[in-house]
Amino acid sequence: MDEAPQNEMNFLDHLEALRWHLVRSIIAILVIAIAAFLYKDIIFDQIILAPMNPQFWTYIQLCKIDAALGLNGILCITSMDFTLFNLDMSGQFTTHITVSALAGLIIGFPYVFWEIWSFVKPALQEKESRYAKGIVFWTTFLFLLGILFGYYLITPLSVNFLGSYQVSTSVANQINLGSYISTVTTITLAAGIVFELPILIYFLTKVGLVNPGMLRAFRRHSFVGALILGAIITPPDVTSQLLVTIPLVILYEVSIFISAYVIRKQEKEKI
């Protein structure tokens, strides 16, 4: 008769612990979001809108690569052939709040993930916990690496290509602020998520859903997918396409190596 209340109390204790992990995570995101809201000049002028400036770091590096390869200015981006505008009365204020919240989520990601892992880890067995050692560091590292890749490579190439693309010289490009913000944030966040592929492959291999042979079998498909993605988000020249495709291919190859490492380790433990 006493076991049911005890089990119920344990369940309620877990819910209470989860609640406080979530509360601390939300507070961290809110604090960072408020700071981002207050420092809008940095968030917008120096970060979000920076890819519109021909002096953006990526464009400068592309010009240097162009000069080194003697491509006669193919990779150099010296101007942006579009302007931003806002039509909605509350459009800029709403955008300000949305971007601040996203900044809170991205910057606060390491702490939020640590809180989630702190809740999950006690439920794991010692062997499972040992397998997941360093997961907070590697998950955070890959996410931030993906964010940087998306922001400094994919975003500026996409902004330049999509913003300057014209079906006719008679049609000028005037991009809505919300559309621009959505493009930049979506590409950047998507890159951060895609870079979690090695972590995903690690755990899928652990549970037996994926193996290195399967990944190698789909290697050609992954290359084609990377090339298609590179062609979509970059200007129509081979050099820019390769700048995006090569890191994606490397990421897939790293995932194969990780899967093979997991399988070898599991076989040793069985022996």
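Here are three short exercises on the predicted model above, each with a worked solution.

Residues are numbered from 1 along each chain as its sequence is written, and side-chain values use heavy atoms, leaving out hydrogens and water. Local features need pLDDT of at least 70 and side-chain atom pairs count only at pLDDT 80 or more, while totals for chains, interfaces and linings use all residues.

**Exercise 1.** Work out which stretch has pLDDT below 50.

Solution. Start with pLDDT, the predictor's confidence in each residue, from 0 to 100. The protein averages 84, and 87% of the residues score at least 70. Residues 1-9 fall below 50, and this stretch has 0 contacts beyond near neighbours in sequence (contact: heavy atoms within 4.5 Å). Where pLDDT is low, the predicted coordinates should not be read in detail.

**Exercise 2.** Describe how helices H3 and H7 pack.

Solution. First, locate the helices (DSSP runs of H or I, at least four residues, numbered from the N terminus): H3 spans residues 57-69 and H7 residues 135-164. Next, take the geometry: the angle is about 85°, with the axes 9 Å apart. The two are therefore roughly perpendicular (65 to 115 degrees). Finally, list the partners: Trp-57, Thr-58, Tyr-59 and Leu-62 in H3 meet Tyr-152, Pro-156, Leu-157 and Asn-160 in H7.

**Exercise 3.** Find which cysteines form a disulfide.

Solution. Look for cysteine sulfur atoms within 2.5 Å. Cys-63 and Cys-76 qualify, with their sulfur atoms 2.4 Å apart. Then place them: Cys-63 lies in H3 and Cys-76 in the loop between H3 and strand E1 (82-85), so the pair ties together parts 13 residues apart in sequence.

Definitions and conventions:
Axes are lines fitted to C-alpha atoms, for helices over the stretch in contact, and angles run from 0 to 180 degrees between N-to-C directions. Angles under 35 degrees count as roughly parallel, over 145 as roughly antiparallel, 65 to 115 as roughly perpendicular and the rest as oblique.
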